[in-house]
Amino acid sequence: MHHKVVIIGSGPAGLTAALYAARANLEPLVIRGLQPGGLIATTSEVENYPGFPESVGGYELAELMEKQAGRFGTQYLDAIVSSVDFTQRPFTLLTDGGQPITAETLIIATGASPRKLGVPGEEELANRGVSYCATCDGFFFRDKRVVVVGGGNSALDEGLFLTRYVSELVIVHRRDQLRADPILQERAFANPKVRFIWDSAVTEILGTDRVTGVRISNLKTGAESIEEIDGVFPYIGHVPNTTLFVDKLDLDEGGYILTDGRTRTNIPGVFAAGDVVDHIYRQAITAAGEGCMAAMEATWFLAEQEFADRKAQAQVLEPASPALGQW
Ligand code: NAP
């Protein structure tokens, strides 16, 4: 399994990189990873991706991107990369159970994962009332009461999606001001199913077989209370998926891959794009833009390598002309 371009990750960054690399006739391989389609595929409605005036489902958008890149020769592999070797080019990737894959260039688009609350009960009750994907699990909370934790765009967007099903949505936020865009704030404040608990943190998720409640602590007064609820959806940001690259690539203190503004990492031939790099914008459209940049950089890198290889070969085949005096 040797490829000129291998892309790890299949969110907007990875799939746009694939589209551009495929249209440059590089027949890229996309390793889909743990979350095919990336985080966008778990998003209910996407209202700010250009070209969709009536909004588009996150899953549908990811599917369309995959189809578009596939039309030009992208290959897809359902696998998870377990290790990478950057000590020499071609780079070697090992996947769970598969053959080693070698790559002349690599585009890392592994994205980010939801940040955990880190409180008692969260791990134990995962998938038994604790969920990080309203789109996937909202249906199971019909006429139930749920808590969303966080005050950003994800908390409000996904919380509003949940109001289609639930009888009450309680948003617990650690401050008394939301970070989310004004349009989402307006919708949340106007929704009769939504109630806010301000300046507060969820300190424990309660329940044995299923979630039955949460313990809430007021961060200003220290007062504790219990909300009886059926589900908890933490939306408190993300952590970059870079465990594979620790000690192999330069990362910042938050674990994001450092690039030079042109998607190039500290290893020539290894590029990175999207949420695995970006802790500022983190939008589908910016990830897609970076994916495009990474594919163009990889294309130029390969062309330069090819030129250098051909030059070296020509020098071997045609040694420099002897000096005149030697004739
Ligand atoms: P985010 O913008 O970083 O917001 C995270 C929220 O969680 C913040 O309100 C933060 O509180 C809170 N928080 C962080 N750590 C916490 C902790 N340990 N305990 C309790 N609360 C905590 O993350 P996001 O909402 O996932 O959004 C990520 C990116 O995706 C953003 O750039 C966002 O714009 C984008 N996005 C866009 C849309 C859209 O445009 N419709 C939809 C979804 C996501 P503070 O406010 O106090 O910091």
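**A walk from the ligand outwards**

Let's start at the ligand, where a polar side-chain atom of Ser 154 sits 2.8 Å from one of the ligand's oxygen atoms. Keep in mind as you look around that this is a predicted model. Arg 179 makes a similar kind of approach: a polar atom of its side chain is 2.6 Å from a ligand oxygen. Gly 151 joins in through its backbone instead, with a polar backbone atom 3.0 Å from an oxygen of the ligand. How much of the ligand does the protein bury? On its own the ligand would expose 910 Å², and the protein buries 80% of that.

Now widen the view to everything around the ligand. The shell holds 18 residues, and those that come nearest are Asn 48, Asn 153, Ser 154, Arg 175 and Arg 179. So what is the shell made of, sorted by class? It has 10 polar residues, five charged ones and three nonpolar ones, with glycine counted as polar in this scheme. If you're wondering which element gives the largest share of the shell, look at helix 4, residues 153-162. That helix supplies three of the shell residues.

Next, hop over to Ser 200, which belongs to strand 13, a run covering residues 200-206. Is Ser 200 buried or exposed? Its relative accessibility is 4%, so it counts as buried, the cut-off for that label being under 20%. Its side chain has a polar partner too: a polar atom there lies 2.7 Å from the backbone oxygen of Trp 198.

For a contrasting stop, try Trp 300. You'll find this residue in helix 6, which runs over residues 284-317. Trp 300 has 43% relative accessibility and therefore counts as partly exposed, since that label covers values between the 20% limit for buried and the 50% limit for exposed. Which residues make a nonpolar surface patch with Trp 300? They are Tyr 20 and Met 296, and the three together make a patch of about 300 Å².

Finally, zoom out to the whole protein. The fold contains six helices and 18 strands. Measure-by-eye folks can check the overall extent against the C-alpha trace, which spans about 95 × 40 × 35 Å along its principal axes. Of the 327 residues in the protein, 46% are buried, and Ser 200 is one of the residues that count as buried.

Notes
Residues are numbered from 1 along each chain as its sequence is written. This is a predicted model: local features need pLDDT of at least 70, side-chain atom pairs count only at pLDDT 80 or more; totals for chains, interfaces and linings use all residues. Side-chain values use heavy atoms; hydrogens and water are left out. Patches are made of residues with over 30% relative accessible area and no salt bridge: like charges are joined within 9 Å, nonpolar side chains (Val, Leu, Ile, Met, Phe, Trp, Tyr) within 5 Å. Accessible areas come from the Shrake-Rupley method with a 1.4 Å probe; for residues, only the protein chains shown count as cover. A salt bridge is a side-chain nitrogen of Lys or Arg within 4 Å of a carboxyl oxygen of Asp or Glu. Helices (H or I, at least four residues) and strands (E, at least two) are DSSP runs, numbered from the N terminus. Buried means under 20% relative accessible area, exposed over 50%, partly exposed in between (1.4 Å probe, protein chains only). A residue is near a molecule or strand if one of its heavy atoms lies within 4 Å of it. A polar contact is a pair of N or O atoms within 3.5 Å; within protein, one must be able to donate a hydrogen and the other to accept it, and residues adjacent in sequence count only if both atoms are side-chain atoms.
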